[in-house]
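Biologist: Could you walk me through the ligand site in this one? I would like to start with the pocket terms before we get to residues.

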Amino acid sequence: MPAQAPAVTVPHGMETCPFCRIREGTLPAHVLYQDEEVLAFLDIYPCAQGHTLVVPRRHAASLAECPPATVAALFHAAVRLAGAIQEGLGAPGFNLGVNDGRAAGQEVPHVHVHVIPRYGGEGGGVQRVVKTRGPVQPLAETAAKILAALRR
Ligand code: 5GP
Ligand code: ZN
C-alpha cells in the first residue's frame, strides 16, 4: 500500500485569493513582470491608465509578514515598473501606495504595491488618502510613543 502523501497546508484564504490565482495562472491577468520573489500585473479596475499591482509570489496579508528581501524586491520592482509605465505611457509622475489592513482600505488580503501613474491635473497625492483630518497632537508626544515602540 503506498504511503499517504503528507497533508499540504494552504494558508487561510489562499484557495480563493485572486492574486494567488493569477500567480498560478488560473485567473487571467496582464502580467508585466515576474521574478523569483514578485509578480506585477495591471489592476483590473485602474484608477489611471497603467495602474499596476506588484505582489509577492508567496501569499501574505501584510507587509509585516514579508521577509526583508521580499519587501526590497517589491519596491525595487515597483520603482522599475514605474519608470517603464512613465516612459511607455507618457506619465510625468507616479504614486506608490500600500493599503495594509482593512482600516487602511485593503480589500484583497494579499500584499500589493499600487503603482499609479499620474498624468497631471488629477489633484491629490498620498497625504490626501485620508479624507478627514483628526485633531492635531503635539509632535513630541507622537514621536515619543513611536520611538518607545521601536525600542521594544
Ligand atoms: P486594495 O484596496 O486591496 O489595496 O486594492 C485591491 C486592488 O486589486 C483594486 O485596485 C482592484 O481593482 C484590484 N483587483 C481586485 N481583484 C483583481 C483581479 O482579479 N485582478 C486584477 N488584475 N486586479 C484585481
Ligand atoms: Zn494570495
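Modeller: On a 1 Å grid over the protein atoms alone, a pocket is an open set of points where a 1.4 Å probe fits, with protein on both sides within 12 Å along at least five of seven lines, and its lining residues have an atom within 4 Å of a point. A molecule sits in a pocket if more than half of its atoms lie within 2 Å of its grid points. This is a predicted model, where local features need pLDDT of at least 70 and side-chain atom pairs count only at pLDDT 80 or more, while totals for chains, interfaces and linings use all residues. Residues are numbered from 1 along each chain as written, chains are lettered from A and ligands numbered from 1 in written order, and side-chain values use heavy atoms, without hydrogens and water.

Biologist: OK, which pocket is the space taken by ligand 1?

Modeller: Ligand 1 takes up the space of the largest pocket, which holds about 990 Å³ (the space filled by probe spheres set on the grid points, joined across faces, edges and corners).

Biologist: And what lies nearest the centre of that largest pocket?

Modeller: Of the 38 lining residues, Asp43, His51, Asn99, His114 and Ile116 lie nearest the centre.

Biologist: Switching to the ligand, how many residues surround ligand 1?

Modeller: There are 17 around ligand 1 (a heavy atom within 4 Å), and the closest are Asp43, Asn99, Glu107, His112 and His114.

Biologist: Which element gives the most to that shell?

Modeller: That is α1, with three residues; helices (H or I, at least four residues) and strands (E, at least two) are DSSP runs numbered from the N terminus.

Biologist: What about polar contacts, say from His114?

Modeller: Taking a polar contact as a pair of N or O atoms within 3.5 Å, a polar side-chain atom of His114 lies 2.8 Å from a ligand 1 oxygen. The backbone takes part too, with a polar atom of Val108 2.9 Å from an oxygen of ligand 1, and an N or O atom of Ile44 3.3 Å from a ligand 1 nitrogen.

How values were computed: A polar contact is a pair of N or O atoms within 3.5 Å; within protein, one must be able to donate a hydrogen and the other to accept it, and residues adjacent in sequence count only if both atoms are side-chain atoms.
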